[in-house]
Amino acid sequence: MMTMRMNRTIVAALVLLLLQTAVIPWAIPSAWSDRLLPHLPFVMTMFVAAFAGRHRAFLFGLGFGLLEDTLSYGHMIGAYAFGMALLGYLVGLLAEQRTTRTLAFTLLMIGLGSGLLDLLVYFVYKLFLLTHLSVAYVVYWQVVPTLLLQTFAGLALYLPVRRWFIKTAAPKEEAAA
Amino acid sequence: MIGLILFIAVMGFTLRRSGSTWPERFVNDAFGSVQGVLYKPVGAVASFFRDLGRLSDVYKENEELRKTVARYTQDRIHYNTIESDNKRYQELLHFTETQKQFYNYKYLFAQVIASSTNPYDKTIKILLGSRDGIKERMAVITADGLVGLVSSVSEFTSTVMPITEMDPSSPDVISISATISGKEDEAFGIIEYNKESKSLLMSKIDENAKVEKGDTVVTAGKGNLLPKGLIIGTVLSNQVGDYGLTHTATIQPAAKFDHLYEVMVVVAPDPDKP
């Protein structure tokens, strides 16, 4: 059975959050700056959901979602905390049904999860009348490009995560799997 | 289910309120210090490469600047005469001290330290806080024009909401009143932003006001919220608005809202202060 080193994962997610707010905005060209809006702690939440179970993913998503909301507080707090906690739990639930963890499965989870997260956040803002954009426009303009970028981020993070953040307690099971 | 109810309560509670609690301020300041360390050097490197690309334009730009400086010197002389005249008239008309201080704005330079990646809350963060005298709803500008308003303040950092986030029909709206530079007494409108067409609009203009392409839109300073005369943009077109009674102008914003490096916070004199 595989477990995660949670301390290291949390530190890594904090570093990723700093990169996301302070470095990535410079790397994205102006014309794309409101289309590519990656959420790297969310990618880490998906890894936690896949490797450490649904309860930890729920708490991880809740904590980092709340942190992101607080850091970008303009209209309201809670949209990302809600979305990331819920999706962490759901994806964790889904992942616990499967015994193997392939790259394709993890990336699928990240892609699917980020699409759902962005839609969920959109509907929360729509509910509170803070946005009046149409669903089709949001999907085309922001959700899909961000989904692709986050899947690539997941691909880039996959090897470091497996090497440094995951300890395999029983090597025999790993060999059998 | 309880979680869902709790979240809706939190979201509703944080929707329209002023001031922030100590955990928020602590988190903002703790992250702000590290973000500041990262954002500045990365920005320096990024703008260095952008400047390299624009090296060929420097000569042309220089010539333009020379012309502007020449014009500026002339205007300055003109301005000095008008200012001294104005002071004399104020004395003659017995202006109170408050009225005299009314347009005496201070500008505080602030370094941008982070920008958010939330598509519906695209705020930026600056390295000036309540310690430096920043208060909520102060105007934030760049050399080009109005960027936004301060939305929340902590001890060392504050969050700025750009004018592109100000939707006139959202529940926590702050309306910006605007006018046309040089036609202050006839043209008046409200600034709003249409995210779908990515255009800034000035709505509810009187149909008799002559608003033409190329006019400069500035803040009107009505209601004491925003200082007067901050540049918002230039008019691209003016057409009849939704109900046919008023006009709506499309505006090209003067300031850009991303890849910001340094901004200025406008501190207006407090009218309540003795």
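**A tour from helix 4 of chain A to the barrel of chain B**

Begin by selecting helix 4 of chain A: 13 of its 18 residues are buried, so this helix is largely enclosed by the rest of the structure. The model in view is a predicted one. Keep helix 4 of chain A selected and place a distance between its end C-alpha atoms, which are 25 Å apart. This agrees with the span of 26 Å that 18 residues should give at 1.5 Å a residue.

Next, display both chains and turn to the interface. Here 36 residues of chain A are in contact with 41 residues of chain B. On the chain A side, select residues 6-22 (helix 1), 24-27 (helix 2), 54-71 (helix 4), 79-96 (helix 5), 103-127 (helix 6) and 135-165 (helix 7); these elements each give two or more residues to the side that touches chain B. Helix 1 of chain A supplies the largest share of that side, with 4 residues. Colouring the chain A side by residue class shows 22 nonpolar, 13 polar and 1 charged.

Now move to chain B and select strands 6 to 11. These 6 strands close into a barrel in the order 6-7-8-11-10-9, with antiparallel pairing. Neighbouring strands of this sheet are turned by 45° against each other on average, direction ignored.

Within the barrel, isolate strand 10 (residues 231-240) and strand 11 (residues 246-253) of chain B, an antiparallel pair joined by 7 bridges. Which residue of strand 11 of chain B stands opposite B:Thr234? Selecting B:Gln252 gives the partner: B:Thr234 stands opposite this residue.

Notes: Residues are numbered from 1 along each chain as its sequence is written. Chains are lettered from A and ligands numbered from 1 in the order in which they are written. This is a predicted model: local features need pLDDT of at least 70, side-chain atom pairs count only at pLDDT 80 or more; totals for chains, interfaces and linings use all residues. Two residues are in contact if their C-beta atoms, placed from the backbone, lie within 7 Å. Ala, Val, Leu, Ile, Met, Phe, Trp, Tyr, Cys and Pro count as nonpolar, Asp, Glu, Lys and Arg as charged, and the others, Gly among them, as polar. Two strands pair if DSSP finds at least two bridges between them. Axes are lines fitted to C-alpha atoms, for helices over the stretch in contact, and angles run from 0 to 180 degrees between N-to-C directions. The expected span of a helix is 1.5 Å times one less than its number of residues. A residue is buried if 20 or more other C-beta atoms lie within 10 Å of its own, exposed if 12 or fewer, and partly exposed in between; C-beta atoms are placed from the backbone.
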